[in-house]
Structures are given as structure tokens and as C-alpha cells.
Amino acid sequence: MALSLKEKIVDTKQGVYLIGTTPPKIGTDKTQLKIIAEKLLGRLHEIEYDGVIIYDIQDESSRTNQARPFAFKQTVDPREYSHLLRNLSSQDVITYKSVAQRGVGEFKDWLSETKNDYDLQNVVLVGSPSSIGDIKLSLPDAYKALAEQSDDFFLGGVTIAERHSSKRNEHERLIEKTAQGCQFFISQAVYDAQATIELITSYARTCKAQGITPQRIILTFTPCGGEKTLEFMQWLGISVPEATKWRMLDADNTLSESVRICRENLDLILKSCAHLDVPLGLNIESLTNRKEEIDASINLYRLLKAIMELNLAEKLIAQGC
């Protein structure tokens, strides 16, 4: 019998390979929603993957004074799209939920609906993008409410290596979130390999010192097709070193160069963290709906999955498995 996504994430001898996507814009009728979902699954038909991540897109304008490069558009409920994709593909899904906009009562209603109406169990809760603004529910309070209401959810958290570069405490956040119920983490898109290496290293060393088993960190990668996408990446808070920025923009083909950079970054992370006892996974997303970037994300998935599969095989052989 095939393992569930939860079983694969928990089992460190298994690879975990995911595709990230956003729900269609709000107002999309059910017929069109199904057409969009089938089109996505058609693109994924020729690759083997363990599940799909469905993001909960928020404006995030409170996080920065910079203008948003692409206009913010509300989407259909991520749970509706998750439910549809799972039913059409028979693949597991992970559904994101931004918790800051509603109070604890409404969040508990959301949990009940998610379990009973949508039959979804794999969730990632996301806090406010900024401490500014009207935060009706903090992330720790959301974790507490979930723990009080149900143990049926498989809970994940977000990790941002860029925060570790500036504050040096992201590894402590991971340990705290684990105590609050998180069993895996999904990173922000990686373009600064060194920031990710430093986070994983700090996390591994602290876990070892405290006798804690590290949870799996699923690394996210995304292709970049041009200056506008790069601007959006940086607006989202993705760290792109200056040399990497110009390497992409000055290349004959920015998209192909970004794929090469992602491959090199994954190689460097795997080699630098090979001695650490932190299980990793892979998530590939496209930040835009441009066909060339979506196609590149599928090719990037194939490439990076092959690298991670080889790395995992070598690790298991070294362990005598």
C-alpha cells in the first residue's frame, strides 16, 4: 500500500517532493475551477510527485512600503481548490491558512469546516506578514486553538532563512513551533543558499544539544523569468544576492540561468548539510502565471528531484540501509 504524504514526511528514509500552486481568482465558477485544476494536473501528469501545496494568498502590503509589482487579487477559498485537486488526482494536498484576519472563534469554525466539510488534514498555518495592522489572532494562539480543538490535523509551519540571517534566531522559532505542534516546515523560496545552510546548521546543532529530533524542512525553489518576476521575489522578501541578481539579468536567457542557479544552490545546501541530521524535502513553485515560467518550474522539479533522490540514496547506503 502506498504511503500517505504524512507518512512520507515523518519517515526520514523517504523523499518528499511537492508542487506549490495558488488557487484561481475569486469569482471563478465551479466549472471553470475544474478546468483550471485539470489543466494543472495535465502539466503534472508526466512527473511523479507526492502532493500539491495550495497557498493562502494575502495582500502583505503592510510588510513593506514598496509597491506590489503584480496587483493583488483575492482567490477562491484554498480549501475548495485543495478538495478539488485531491479528488481529481487522488494525491495528498497541503493547505495554507493565514490566521491573522479573524478571531479565535472564527478560526475554530474554520478548523471544523476544514475537517468536516472539506475532509482536509494537512495544514500549514501562517501568521501576519507584519506586526503592523489589526492582528485578530496571533500564530501561537492559533496553534493553541488547534491543539485544544482537534488532534486530527497534520500541522506544518513556515520557515524563512532570511530572518535567520538578520535575527539569528529562526532555528529557535522552529523548535518553539515544534513544541506547539508543527511536524514539518516549508521554506520560503531559496536564492541565498548560505542563509539556508546557516539556518539548517543552527537548527541541527541546537536540536542535538537539547536532545530533540529535527523535523523535516521542505526547501522551496522557483524559476525567475525576468526583471519583473525578480522584483516580485524581492518584494516577497526572498533574498537574492546582488551577484545572483545580475547573473540572471545579464544572461542571454534569464529563465535558464535561474534554473542553473537553483540547481547549484541545492547542490551546495546538500553538500554543506550532509553531516547534519535534518531530513529535507523539495517544493517547486511558479510565482507567476506566465506559461514559460510554469513550464520551467516543471523542468526545475525534474532536475532537483533527481539530485535529491541521488543524495538520499547515497545517505541511506552510508547508513547501511
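**Exercise 1. Which residue in strand 4 does Tyr96 stand opposite?**

Solution. The model is predicted: local features need pLDDT of at least 70, side-chain atom pairs count only at pLDDT 80 or more, and totals for chains, interfaces and linings use all residues. Residues are numbered from 1 along each chain as its sequence is written, and side-chain values use heavy atoms, with hydrogens and water left out.

Step 1. Locate the elements, where helices (H or I, at least four residues) and strands (E, at least two) are DSSP runs numbered from the N terminus. Strand 3 covers residues 92-98, and strand 4 covers residues 122-126.

Step 2. Examine the pairing, which requires that DSSP finds at least two bridges between two strands. Strands 3 and 4 are parallel partners, joined over four bridges.

Step 3. Read off the partner: Tyr96 faces Val124 of strand 4.

**Exercise 2. Describe the surroundings of strand 4.**

Solution. Step 1. On its other pairing, strand 4 runs parallel to strand 5 (residues 154-159), with three bridges between them. Val124 stands opposite Gly156 there.

Step 2. Trace the connection from strand 3. Together with helix 4 (residues 104-116), strands 3 and 4 form a right-handed β-α-β unit; right-handed means that, with the strands pointing away from the viewer, the path from the first strand over the helix to the second runs clockwise.

Step 3. Assess burial (buried: under 20% relative accessible area; exposed: over 50%; partly exposed: in between; 1.4 Å probe, protein chains only). Because four of its five residues are buried, strand 4 is largely enclosed by the rest of the structure.

**Exercise 3. Place these strands in the overall sheet.**

Solution. Step 1. Eight strands close into a barrel with parallel pairing, in the order 1-2-3-4-5-6-7-8. The twist from one strand to the next averages 30°, with axes as lines fitted to C-alpha atoms, for helices over the stretch in contact, and angles from 0 to 180 degrees between N-to-C directions.

Step 2. Take a further pair: strand 6 (residues 184-189) and strand 7 (residues 216-221) are parallel over four bridges. In this pair Phe184 is opposite Arg216.

**Exercise 4. Characterise the second largest pocket.**

Solution. Step 1. Apply the criteria: on a 1 Å grid over the protein atoms alone, a cavity is a set of points where a 1.4 Å probe fits but cannot get out, a pocket is an open set with protein on both sides within 12 Å along at least five of seven lines, and lining residues have an atom within 4 Å of a point. Grid points are joined across faces, edges and corners, and a volume is the space filled by probe spheres set on the points.

Step 2. The second largest pocket has a volume of about 460 Å³. Its lining has 20 residues, of which Asp56, Gln58, Pro78, Lys97 and Arg102 are the closest to the centre.

Step 3. Helix 4 contributes the most to this lining, four residues. Helix 3 (78-89), strand 3 and helix 4 each supply at least two.

**Exercise 5. How many cavities of 30 Å³ or more does the structure hold?**

Solution. Step 1. There are two such cavities.

Step 2. The largest cavity contains about 60 Å³ of space. Helix 6 (161-167), strand 6 and helix 8 (193-210) each give two or more residues to its lining, and strand 6 has the largest share, three residues.

Step 3. The second largest cavity has a volume of about 30 Å³. Helix 8 gives the most to the lining of this cavity, with three residues; the lining also includes Ile217 and Leu219.
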